[in-house]
Amino acid sequence: MKKYLKYSLVLMACVSFNACNSDDSKTEPAPEPKPAADPVITIKLAAEFAIERYNVTEIAPEITIDNAEGKTPVYQWSAKVTGKDGVVKDSIIGDSKTLLFIVPKTAVYDVNLKVTVDKIVKEAATKVTVSETGKTYTAKASKLIDFVPAPTHSIYSYTTKDEAFQETQEILNNGNAVYLGTYGGYIVTAFDHTVINAYGKRDFTVKMTAGSATTKYAPVSIAVAYDANKNGIADENEWYEIAGSEYYKATTVKNYEVTYQKPNPAAIPAAGTAAWQYDTAYLPWKDNKNGSGKITKTTARKFSNYYPDWLGDSYTLKGTKVTVPIKDVSDGAGTAFNVGTFEWGYGGIKDPSIDISWAVDKEGKKVHLPGVDFVKVYVSSFAELGANGPLTSIFEEVSDLNFTQAK
C-alpha cells in the first residue's frame, strides 16, 4: 500500500510538472497594434488687428498640436488681395508661425492661417484694418545717415565731418553720384518708410554708376537694418548683411579690416618702372590678416589727393571682402583691364535688385525681417587697376521696388 501511494505521488508530480512545462511553452498571440491617432491641431487667433500703413503688427496665434509624433508643422499665411486686373485672389504673405504684418495700402485685409501636420489641416482667420498715417512717402532712400569714403583719386576736399555730411546730403538731394572709393568705403541712407519684405519677391534696388569699355567699377555689398525699436536710429544690433552669390564662397573673407594711413605730403614720389607709376609708395595700408601694401598714385592723377583729410591721420574700414575676377588685357602693361561681376545680391551688377529675405546675421544664419528702414552700401573688393588706379565704386541711389503712394 505504501509502495502504491509513493508511486501515485511520483506520477502526479510528473504529470503536474509536464503540464506546467507544456503551458510555459505556449506563445501568447501578440496584441493587435492600435492605429496611430491623427494629429489634433488647435488654433487661437484674435478676431481683428489694427495698424497704420507701412507699420508692423505682430500676429502671434496660440497653437497646440497633439499626436504630432515628431512631425513638423507647416504654416502658411495668406491675404485676399485685389490684383491689377480687379480680381480678388489669395496671396501668400508668410510661412512662419508668427506673422509680422505690414502693407503699403489702407484697407481691411482678410488674413488666413493654414497649419498642416502630415495630412491634417486646420485653418483660422482674422481681419487687419490698415489706416492712413497722414504722411507722404517717396520711393528713394534719400536721407543720409552715415558716409565714410575709402581712398580714391576722386575724393572731395572736405575739411570736417559736418562739411562732408552737408555736401553729400546736397549731392543726394540733387540726384547726383557719391564716390565711395576702394575697399570699405560706404554710405548709409534711410527710407521715409519701411520697405516691405514682400513674400517671394525682390524688394529694393541699388543703383551704381555703370562702367564703360575703359572705365571699370566694382560691385558693392549691401547691409540692411530694420528699426525694430522705432527709435529712428540704425542700432548696431539691427544690422544684417545681404548674403549674395559670393557670400559663402571660399574666396570670401568675413570680418575683414583695412587701415589706411594718410600720405606724407613731404615724401619724394617713388616712381615705378611703368610710365603710369608716379608714386608706388603713396598711400600705406595694412589689414587684420597680416597683409600690408601701398596704393600707387598714377601719373594721370598725380595732382589728386586720394585721402579724405577730414578722417585724420588714419582710419579703419570693415566688412566682408569678396574677390572680383580681374584680368589685365594690355599684355602686362597695366593699362587696360577686364573686371568681372557677380550673379545676384549686389549693387553695380546686371540685376541689382535685392530680396530682404537674403539677409543673414553675423554667423551667416538667415534672419526674418518684416522690412528694412536703412541700407548700407559698401565697396567689398580690394584691388588696383594699374594706370586706372584703385578699383572703386560710385553710388547713385537705393529705391523701393514695390513702392506705392496710393492709399
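**Briefing: burial, an open sheet and a cavity**

Of the 407 residues of the protein, 43% count as buried, that is, under 20% relative accessible area with a 1.4 Å probe and protein chains only. This is a predicted model, in which local features need pLDDT of at least 70 and side-chain atom pairs count only at pLDDT 80 or more, while totals for chains, interfaces and linings use all residues. Residues are numbered from 1 along each chain as its sequence is written, and side-chain values use heavy atoms, with hydrogens and water left out.

**Overall make-up**
- The protein has two helices (DSSP runs of H or I, at least four residues) and 25 strands (runs of E, at least two), numbered from the N terminus.
- Among contacts (heavy atoms within 4.5 Å) between residues at least 6 apart in sequence, 71% join residues at least 24 apart.

**The four-stranded sheet**
- An open sheet has the strand order β11-β25-β13-β22 with antiparallel pairing, where pairing requires that DSSP finds at least two bridges between two strands.
- Its edge strands, β11 (178-181) and β22 (353-354), each pair on one side only.
- Three bridges join β11 to the antiparallel strand β25 (residues 393-400), and Y179 has I394 in β25 as its bridge partner.

**The cavity**
- The largest cavity, a set of points on a 1 Å grid over the protein atoms alone where a 1.4 Å probe fits but cannot get out, has a volume of about 50 Å³, taken as the space filled by probe spheres set on the points.
- Its lining residues, which have an atom within 4 Å of a point, include Y179, F147, W310 and P308.
- By class, this lining has eight nonpolar, one polar and no charged residues.

Note on methods:
Buried < 20%, exposed > 50% of the residue type's maximum accessible area, 1.4 Å probe, protein only. 1 Å grid on protein atoms, 1.4 Å probe; cavity = no way out; pocket = protein on both sides within 12 Å on 5 of 7 lines; lining within 4 Å. Nonpolar A, V, L, I, M, F, W, Y, C, P; charged D, E, K, R; others polar.
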